[in-house]
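Please open the model in a viewer and keep the sequence panel visible. The tour below proceeds by selection, one stop after another.

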Amino acid sequence: MTSSILSWIWSERFWLPENVTWADLEHPPPGEEYPRVGHILYAIPLAFGVLFLRLLFERLVAKPCAQILHIQADVSRPPQSNAVLEKVYASRMSPDEKQLNGLSKQLDWDVRKIQRWFRLRRNQDKPSVLKKFSESMWRFTFYLGIFIYAMRYLWVSPWMWNTKECWYNYPFQPVSPGQYNYYVAELAFYWSLMLSQFTDIKRKDFNIMLVHHFATISLITFSYANNMLRIGTLVMCVHDAADIFLEAAKLANYAKCQKLCDTLFIVFSIVFFITRLVIYPFWVIHSVLIESWEIVGPYQSWWLLNGLLLVLQVLHVIWFYLIARIAIKALFKGKVAKDDRSDIESSSEDEADTNCRNSKDSSLNGRSRI
């Protein structure tokens, strides 16, 4: 039965073009190697190494940088100890008027006093600016580093300048060390994000981001198993470009450099538009949809890939609309307004600061990609 299940999962009709079998890929030319799913699984244990590296980075690099910028951990005054209110808080952080009145009668407290207790309790759970700064600095460093690596590798790759090279002789395309390292690094990073999401700053879009990270991991693994590494590296590089400026804008905001934050956010908006609404649809999707049809021809997983990429493009349009609204406010009001998108911390309902935020890949951090 196990053999039947594996045969169904790895069906050649689904994964491969017509007249190509897995046996054809078993024997690459001497000195070359085709992608194998087993190779990309090394990203899972590597993800724990990424988590450890992140802890060291936040402690040894991010926190000292925050101290230089006079960013300190927030110390909030704890509320009066009360078991009844703690029990209510565990299920609902902001009780409605009916609950407030009931608690007022039960505790013989004024409603205003109870509201103040909940406000202080929420502030106690609110993530500090130092923690948010450390998280953003880690992501900024990764996106910048991986983008520089990708550009150095792709700059000398023929498919960077002629996307038809992604499909010539497909799927008989050997994997290069640069491709493999890029894929493993990206996949390990997203595995680490999925694991750390349970300990990172709690956000309203927790479930959406969990699904997003799973989708991203699946798409990266899918493209590697299907030997679509050439087009996959282009997709990942295009998506990483804008996030560098987004995280930089958030760092500037946490450091209270508002003008720099506004400038970086506008730069992020421009880069997002160029990479995801121009380069991505007219360069990447055009290659996957048109050029691959002409050179390779459609097959089952080809339809799935194009469907996912087109759905992602629709999301890009929606996200850019939200980004443009904030950028326009920054241009005309001189300040990046509080984002109404999905990565607002759930413990920060009372927070009035003007954070530069991303909507993620469902957020802009979060991007479903190959």
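Which residues does Leu-234 touch, not counting residues up to four places away in sequence? Select Leu-234 in this predicted model and display its surroundings: the residues in contact are Leu-154, Trp-159, Met-160, Thr-163, Cys-166, Trp-283 and Val-284.

**The whole chain**

Next, select the entire chain and colour it by secondary structure. The chain has 14 helices and zero strands. Of its 370 residues, 50% count as buried. With a surface displayed, the chain exposes about 18500 Å², and carbon and sulfur atoms supply 64% of that area.

**The nonpolar cores**

Return to Leu-234 and add Leu-154, Ile-231, Phe-265 and Tyr-280. These five residues have the most contacts inside the largest nonpolar core, which comprises 81 residues. Elements giving two or more residues to this core include α4 (43–68), α8 (129–154), α12 (229–254) and α13 (258–295). Select α12 in particular: it provides the largest share of this core, 16 residues. Apart from this core lies another, of 10 residues; to find it, select Val-88, Leu-103, Leu-107 and Ile-114, which are among its members.

**Salt bridges around Glu-135**

Now turn to the charged side chains, where the count comes to nine salt bridges. Select Glu-135 and Arg-54, which form a salt bridge with their closest N and O atoms 3.8 Å apart. Glu-135 lies in helix α8 and Arg-54 in helix α4, so this pair ties together parts that are 81 residues apart in sequence. Both Glu-135 and Arg-54 are buried.

Keep Glu-135 selected and add Lys-131. The side chains of Lys-131 and Glu-135 also meet in a salt bridge (3.8 Å, N to O). These two residues are four residues apart in helix α8, and therefore separated by about one helical turn. Is each partner buried or partly exposed? Lys-131 is partly exposed, with a relative accessible area of 34%, whereas Glu-135 is buried, at 2%.

Extend the selection to Glu-58, Arg-139, Glu-247 and Lys-250. Together with Arg-54, Lys-131 and Glu-135, these residues are linked in a network of salt bridges.

**A salt bridge in a loop**

For the final stop, select Glu-26 and Arg-36, whose side chains meet in a salt bridge of 3.7 Å, N to O. Both residues belong to the loop between α2 (12–15) and α3 (37–40), and they are 10 residues apart. Glu-26 counts as partly exposed, at 41% relative accessibility; Arg-36 likewise counts as partly exposed, at 32%.

Technical notes
Residues numbered from 1 in each chain as written. Predicted model: local features only at pLDDT ≥ 70, side-chain atom pairs only at ≥ 80, totals over all residues. Heavy atoms only, no water. Core = buried A, V, L, I, M, F, W, Y, C linked by side-chain atoms within 4.5 Å. Buried < 20%, exposed > 50% of the residue type's maximum accessible area, 1.4 Å probe, protein only. Contact = heavy atoms within 4.5 Å. Areas by Shrake-Rupley, 256 points an atom, 1.4 Å probe, with all protein chains shown as cover. Salt bridge = Lys/Arg side-chain N within 4 Å of Asp/Glu carboxyl O.
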